[in-house]
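Welcome, and thanks for taking a look at this one. Please open the structure and keep it beside you as you read.

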Amino acid sequence: MTNPSYRIAIIGAGLGGLTLAKILQNAGYTPVLYEGEASRYVRPQGGTLDLETHTGQRALELAGLIDLFYEVCRFEGQSSKTVDKNGKVYHEDHDLLPTAEETSRPEIDRTELRDLLLDSLQADTIRWGHKCTGAVPIDDSRYELYFENGHTDVVDLVVGADGAFSRIRPLVSDEKAKYSGVSMVELNITNAEELFPELVAYNGPGTVYALSDHKTIIAQMNGDGRIRVYLGFKSDVSFLEALKLSHKEPEIAKQTLLNLFSDWSNDLKHYIICANGEITPRRIYMLPVAHKWENKKGVTLIGDAAHLMSPFAGAGANLAMLDGAELALSIIHTDNHERASREYEKRMFEYARKASSETKENMDLFFSEGAAAKLGALMNSFQE
Ligand SMILES: Cc1cc2nc3c(=O)[nH]c(=O)nc-3n(C[C@H](O)[C@H](O)[C@H](O)COP(=O)(O)OP(=O)(O)OC[C@H]3O[C@@H](n4cnc5c(N)ncnc54)[C@H](O)[C@@H]3O)c2cc1C
């Protein structure tokens, strides 16, 4: 077992960093978790996530939180429907039983999952409002950390869990997150059951994938009663700017978006017409498939910092949590932290390469000719 008195700093209180902190704490370690945002309430955490058995759920099991997860997750949220722009259905599975069976990927809202992890940590584990600006090696293995608010710290191991544009990644790798070729606009339909029961009936309790003409409408029922909609576009990096969507004029923004889907079915256009909440444009970034680095003493990466990928296989959050769990287990069960990070990286590079490559294939499929038929066939093959 690595000496619990080693000072471990985790940069970033996302799902990866929180999972790592929780499992280390359970084993008697006292990691410090530095988070750039001022509190957990600063920013809405985003949509619903499906947690996969061997990654996200396994991490929660190792963290001792799986029973709490099963109390709040939504098994019915796994159902999905795949259609083309005319509404032709290629796959539909609305009848999943609510069980914790081996293949299940139950859904949970991201805020609920993050709160579950945050509430499980000892008080004062997280230093909110500490945005890391960089880290410098000060001797053979230790790092000095610098923060925007003037704080500094010296640690034996710094873990970059700070997401897509990690400040810790440059310590081990020259790779930067690059635009994936896909942009999205996220729409929110709040209080959907009461205000738009027909749309809720069309959507069902899970996800609708509507794919045609190198565009997507992906609509997900969330636990808080909203439908979150992702309009996706295969496009160059300046596409969203050119749309000139304004928060101040949501009806004009919606009309601009409707014009891009003018020949799609009325059921699908309703996802734009009914939008009554935040409209958020997002460019999707990724690291190269199979991103890896030479092991370095005193520093490693987990989650998006290590293997940022597009959301088209629903893998990123699951892997971030698995990374947190795998690194924690290595630290706990290996006799020195240098070997611990090397062994963790070896395992992580292998599973992340596989997931990242599948994700890239999925992204290409979603925006290809005949995408709905191809995705429908893939989904049907999982049920055979
Ligand atoms: C539209 C969309 C949909 C997605 N859907 C899914 C899905 O269905 N399933 C799935 O598994 N994945 C999904 N993902 C991917 C998933 O969101 C990420 O892979 C996951 O959040 C990565 O977790 P993380 O802990 O590595 O990083 P993050 O969640 O990005 O957390 C990083 C944390 O670090 C903090 N931070 C950043 N910089 C600093 C700094 N310099 N100093 C201190 N703190 C810092 C941030 O504030 C944040 O709290 C989706 C992504 C997108 C964009």
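This report goes through the ligand site, an annotated arginine, a strand and its partners, and two backbone positions.

## The ligand and its closest contacts

Please keep in mind that this is a predicted model. The shell around the ligand holds 31 residues, and the closest of them are Glu35, Arg110, Cys132, Asp304 and Ala317.

Three polar approaches to ligand oxygen atoms can be picked out here. Glu35 brings a polar side-chain atom to 2.6 Å from an oxygen atom of the ligand. For Arg110, an N or O atom of the side chain is 2.8 Å from a ligand oxygen atom. Ala317 takes part through its backbone instead: a polar backbone atom there lies 2.8 Å from an oxygen atom of the ligand. On its own the ligand has 1000 Å² of accessible area, and the protein covers 83% of that.

## Where the shell comes from

Which elements give two or more residues to the shell around the ligand? They are α1 (15–26), β3, α4 (110–120) and α11 (316–333). The most comes from α11, which gives four residues.

If you are thinking about the chemistry of the shell, its residues divide into 12 nonpolar, 11 polar and eight charged.

## The annotated arginine

Arg43 is covered by the UniProt annotation "binding site", which comes from an unreviewed entry. In the model, Arg43 sits in the loop that connects β2 (32–34) with β3 (48–50).

Is Arg43 buried or exposed? The answer falls in between: Arg43 counts as partly exposed because its relative accessible area is 40%, and that class spans the range between the 20% and 50% cut-offs. The side chain of Arg43 also makes a polar contact of 2.6 Å with the side chain of Glu37.

## A strand covered on both faces

Strand β4 (residues 80–83) is a nice one to look at from either side. One face carries Ser80 and Thr82, the other Lys81 and Val83, and all of these residues are buried. Both faces of β4 are therefore covered, since buried means under 20% relative accessible area.

Two strands pair with β4. With β13 (residues 207–212) the pairing is parallel and runs over four bridges; within it, Thr82 has Tyr209 as its bridge partner. With β5 (residues 89–92) the pairing is antiparallel and has three bridges, and here Lys81 stands opposite Glu92. β4 and β5 make up a hairpin with five residues between them. In the turn of that hairpin, Gly87 has a positive phi of about 90°.

## Two positive phi angles outside glycine

Most residues other than glycine have a negative phi. With that background, two loop positions are worth a look.

Asp124 is not a glycine, yet it has a positive phi of about 70°. Asp124 is placed in the loop between α4 and β7 (126–127). With a relative accessible area of 71%, Asp124 is exposed, because that class begins over 50%.

Ala290 is not a glycine either, and its phi is positive at about 70°. You will find Ala290 in the loop between β16 (280–286) and β17 (299–301). How exposed is this alanine, and what value does it have? Ala290 has a relative accessible area of 36%, so it is partly exposed.

Notes:
Residues are numbered from 1 along each chain as its sequence is written. This is a predicted model: local features need pLDDT of at least 70, side-chain atom pairs count only at pLDDT 80 or more; totals for chains, interfaces and linings use all residues. Side-chain values use heavy atoms; hydrogens and water are left out. UniProt positions are given in the numbering used here, feature names are shortened, and annotations may be inferred rather than shown by experiment. Buried means under 20% relative accessible area, exposed over 50%, partly exposed in between (1.4 Å probe, protein chains only). A polar contact is a pair of N or O atoms within 3.5 Å; within protein, one must be able to donate a hydrogen and the other to accept it, and residues adjacent in sequence count only if both atoms are side-chain atoms. A residue is near a molecule or strand if one of its heavy atoms lies within 4 Å of it. Accessible areas come from the Shrake-Rupley method with a 1.4 Å probe; for residues, only the protein chains shown count as cover. Ala, Val, Leu, Ile, Met, Phe, Trp, Tyr, Cys and Pro count as nonpolar, Asp, Glu, Lys and Arg as charged, and the others, Gly among them, as polar. Two strands pair if DSSP finds at least two bridges between them.
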